[in-house]
Every structure is written in structure tokens, then in C-alpha cells.
Amino acid sequence: MQKNKREQRMDGMKETKKTGLKQIGFMQGAVIVYSFCGVFQKLAARYPMISIQFLLFYGCSIGILFVYAILWQMILRKVPLTTAYSNRAVAMIWSLVWSVLLFKESISWNQIVGAIVICYGVYKVMAAGDA
């Protein structure tokens, strides 16, 4: 008996995509790009709302989101949605890094524990996806 088109599509969706080092590196690169959106928003917040500096920094933030949207679509072609979406959480860790390096802010123990929880969660999702 021949399968109809819907059944063929469902079978194709059941196939698991193995996430390799190349895909993980690409995802993390995209997440780093995405994390800079917050950096530019913080820089924009230093200036009056309709100033040239505000518009420039906020425009950069929107531009980064545009680039990230394209990268996100490229990621979804190669990586399962659950894996890709869980990796987005790593942007919080990158935000902590940028806050220390670029804005000389301090990190609390709660934030460190949160970063560890994020890393563990991403690990668990990725390990479950490779099983």
C-alpha cells in the first residue's frame, strides 16, 4: 500500500537530525550576534529618545535582529527546533559576559547559578536529541 503525501511528510519529520559540532558552532555564533542586540539597546538607553545617537544605536539593534532572523532560518534547516530554541538561552550567558567586559558591571552568585542551570538545560536537551 502506497503512503499518501501527508504520511510521507510525517515520516520525514520523524527522522532525527543529528546535531554536529559545525551546527553547534554556527548556532552559538548566531546567539552571540543576537546577544549584541541587548548591548546596542543599552547603549541607546544612554541618550535622549529622539537623538541621533539613540537612533543610531537602536537602528543597529534592529539591524542585528534582522541578521539574526536570517541566521535563525538557516539554523532551523539543519537543526531540530527544540535544540535550536534551547540554545537561544545561552544568549543570557553572553549578556553577562558583555555586561562585565563592556559595561564593567558585576555578576552576582545568583546569576552564576542561573548560567550553570542554563548550560545544564541546554546539555540535557542536546543529549536527549542525540539519543
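1. Let's start with Tyr47, which counts as partly exposed because its relative accessibility is 33%. Its ring partner, Phe57, is buried, at a relative accessible area of 18%. Keep in mind throughout that this is a predicted model. The two ring centres sit 5.9 Å apart with planes at 20°, so Tyr47 and Phe57 make a stacked pair. The pair ties together distant parts of the chain: Tyr47 is in the loop between α2 and α3, while Phe57 belongs to helix α3, 10 residues apart.

2. There are more ring pairs to look at: the count of aromatic pairs comes to seven. Take Trp94 and Trp98, whose ring centres are 5.5 Å apart and whose planes meet at 25°, so this pair is stacked. Both tryptophans lie in helix α5, four residues apart, or about one turn of the helix. As a general point, an α-helix has 3.6 residues a turn, so residues three or four places apart point the same way. Trp98 is buried, with a relative accessible area of 13%, whereas Trp94 is partly exposed at 25%. Elsewhere, ring pairs join Tyr34, Tyr68 and Trp72 into a cluster.

3. Now step back to the whole fold. The protein has six helices and zero strands, so you read the pattern α-α-α-α-α-α along the sequence. Of its 131 residues, 26% count as buried. Looking at contacts between residues at least 6 apart in sequence, 72% join residues at least 24 apart. The accessible surface comes to about 9400 Å², and carbon and sulfur atoms account for 68% of that.

4. Helix α2 is worth a slow look. Its 24 residues should span 34 Å at 1.5 Å a residue, and the end C-alpha atoms are 35 Å apart, which agrees. Among the buried residues of α2 are Met27, Ala30, Val31, Val39 and Leu43. What covers the buried residues of this helix? The cover includes α3 (52-78), α4 (81-88) and α5 (90-103).

5. One residue on that helix deserves its own point. Gln28 lies in α2 (residues 21-44). Is Gln28 buried or exposed? Gln28 counts as buried, because its relative accessibility is 17% and the cut-off for buried is under 20%. Leaving aside neighbours within four places in sequence, Gln28 is in contact with Asn87, Val90 and Trp94. That last name is the tryptophan from the stacked pair with Trp98.

6. On to the interior. In soluble globular proteins, nonpolar side chains tend to be buried together. Here the largest nonpolar core has eight residues: Met27, Ala30, Tyr68, Leu71, Trp72, Ile75, Val79 and Ala84. The elements giving two or more residues to this core are α2 and α3, and α3 gives the most, with four residues. From the core, Ile75 is in contact with Phe26, Met27, Ala30 and Ala84, leaving aside neighbours within four places in sequence. Apart from this core lies another, of seven residues, among them Val39, Phe54, Trp98 and Phe103.

7. Finally, the cysteines. A disulfide is a covalent bond between the sulfur atoms of two cysteines. How many disulfides are there? The count comes to zero. Cys60 counts as partly exposed because its relative accessibility is 31%, and Cys119, at 43%, is partly exposed too. Cys37, by contrast, is one of the buried residues of α2.

Note on methods. Residues numbered from 1 in each chain as written. Predicted model: local features only at pLDDT ≥ 70, side-chain atom pairs only at ≥ 80, totals over all residues. Heavy atoms only, no water. Disulfide = S-S within 2.5 Å. Buried < 20%, exposed > 50% of the residue type's maximum accessible area, 1.4 Å probe, protein only. Contact = heavy atoms within 4.5 Å. Expected span 1.5 Å × (residues − 1). Areas by Shrake-Rupley, 256 points an atom, 1.4 Å probe, with all protein chains shown as cover. Core = buried A, V, L, I, M, F, W, Y, C linked by side-chain atoms within 4.5 Å. Phe/Tyr/Trp six-rings, centres within 6.5 Å; stacked < 30°, edge-to-face > 60°.
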